[in-house]
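This briefing is meant for someone meeting the structure for the first time. Please look over the sequence and the model below before reading the notes that follow.

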Amino acid sequence: MPTIKTTVYVDEADYRTLQALAAAGDRSAAELMREALHAFVEAQLSRTAGTAASRGVAETSPRYRVEPAPPAAAPLPSVASRLAEIQAIVRELPVLDPRPADEILGYDDIGVPT
């Protein structure tokens, strides 16, 4: 199975203990961490999925049981259709001030604020 390189920050005392355990077992610290991570994931899947970890791991690809994705959410309306809805709402609003925008904003005939 392909692997991915990652960095994990651990407590200094835990790391020293991990190195000692690795040396005592003639294994690498990385190998022990991978083994511990695998055991943790199996336990979590077993607990949350309600199946035996060995069965869940054995029947999935490549290593762990993968729960089905949740049902897809209803598709969002397109931007164009949403804009058309907003335009229809705005068209129905009453006209509160019949003056032109330039007059309301205070611009004269040549566009200078008055």
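**Salt bridges and their surroundings**

The side chains of arginine 99 and aspartate 97 come together in a salt bridge, with 2.7 Å from N to O. The model that shows this pair is a predicted one, and its protein chain has a mean pLDDT of 80, with 81% of the residues reaching 70 or more. The points below begin with the overall make-up of the chain and then turn to charged pairs, one loop residue, the start of a helix and a nonpolar patch.

**Overall make-up and confidence**

- The protein chain contains 5 helices and 0 strands, and along the sequence this reads as the pattern α-α-α-α-α.
- Of the 114 residues in the protein chain, 9% count as buried.
- Confidence varies among the elements: helix H4 (residues 79–91) has the highest mean pLDDT, at 91, whereas helix H3 (residues 53–58) has the lowest, at 49.
- Where pLDDT is low, the predicted coordinates should not be read in detail.

**Charged pairs**

- Side chains of opposite charge can pair when their charged atoms come close.
- The count of salt bridges in the model comes to 5, and among them is the pair of arginine 99 and aspartate 97.
- Both partners of that pair are partly exposed, since arginine 99 has a relative accessible area of 38% and aspartate 97 has one of 32%, values that lie between the limits of 20% and 50%.
- Arg27, Glu31 and Glu35 are linked in a network of salt bridges.
- Within this network, arginine 27 forms a salt bridge with glutamate 35, whose closest N and O atoms are 2.3 Å apart, and glutamate 31 forms another with arginine 27, where the closest N and O atoms are 3.4 Å apart.
- Arginine 27 is partly exposed at a relative accessible area of 32%, glutamate 31 is partly exposed at 33%, and glutamate 35 is partly exposed at 44%.

**Helix H1 and the loop that follows**

- Helix H1 has 13 residues and spans 18 Å from its first C-alpha to its last, which is close to the 18 Å expected at 1.5 Å a residue.
- At the N-terminal end of H1, aspartate 11 acts as a cap, with a side-chain oxygen lying 3.2 Å from the backbone nitrogen of alanine 13.
- Which residue just after H1 takes a positive phi? Aspartate 26 does, with a phi of about 55 degrees, although it is not a glycine.
- Most residues other than glycine have a negative phi.
- Aspartate 26 is located in the loop between helix H1 (12–24) and helix H2 (29–49), and it counts as exposed because its relative accessibility is 73%, a value over the 50% limit.

**A nonpolar patch on the surface**

- Val79, Leu83, Ile86, Val90 and Leu93 form a nonpolar patch on the surface, and together these residues have about 460 Å² of accessible area.
- One of the residues in this patch, valine 90, lies in helix H4, the element with the highest mean pLDDT in the protein chain.

Conventions:
Residues are numbered from 1 along each chain as its sequence is written. Side-chain values use heavy atoms; hydrogens and water are left out. pLDDT is the predictor's confidence in each residue, from 0 to 100. Helices (H or I, at least four residues) and strands (E, at least two) are DSSP runs, numbered from the N terminus. A salt bridge is a side-chain nitrogen of Lys or Arg within 4 Å of a carboxyl oxygen of Asp or Glu. Buried means under 20% relative accessible area, exposed over 50%, partly exposed in between (1.4 Å probe, protein chains only). The expected span of a helix is 1.5 Å times one less than its number of residues. A polar contact is a pair of N or O atoms within 3.5 Å; within protein, one must be able to donate a hydrogen and the other to accept it, and residues adjacent in sequence count only if both atoms are side-chain atoms. Patches are made of residues with over 30% relative accessible area and no salt bridge: like charges are joined within 9 Å, nonpolar side chains (Val, Leu, Ile, Met, Phe, Trp, Tyr) within 5 Å. Accessible areas come from the Shrake-Rupley method with a 1.4 Å probe; for residues, only the protein chains shown count as cover.
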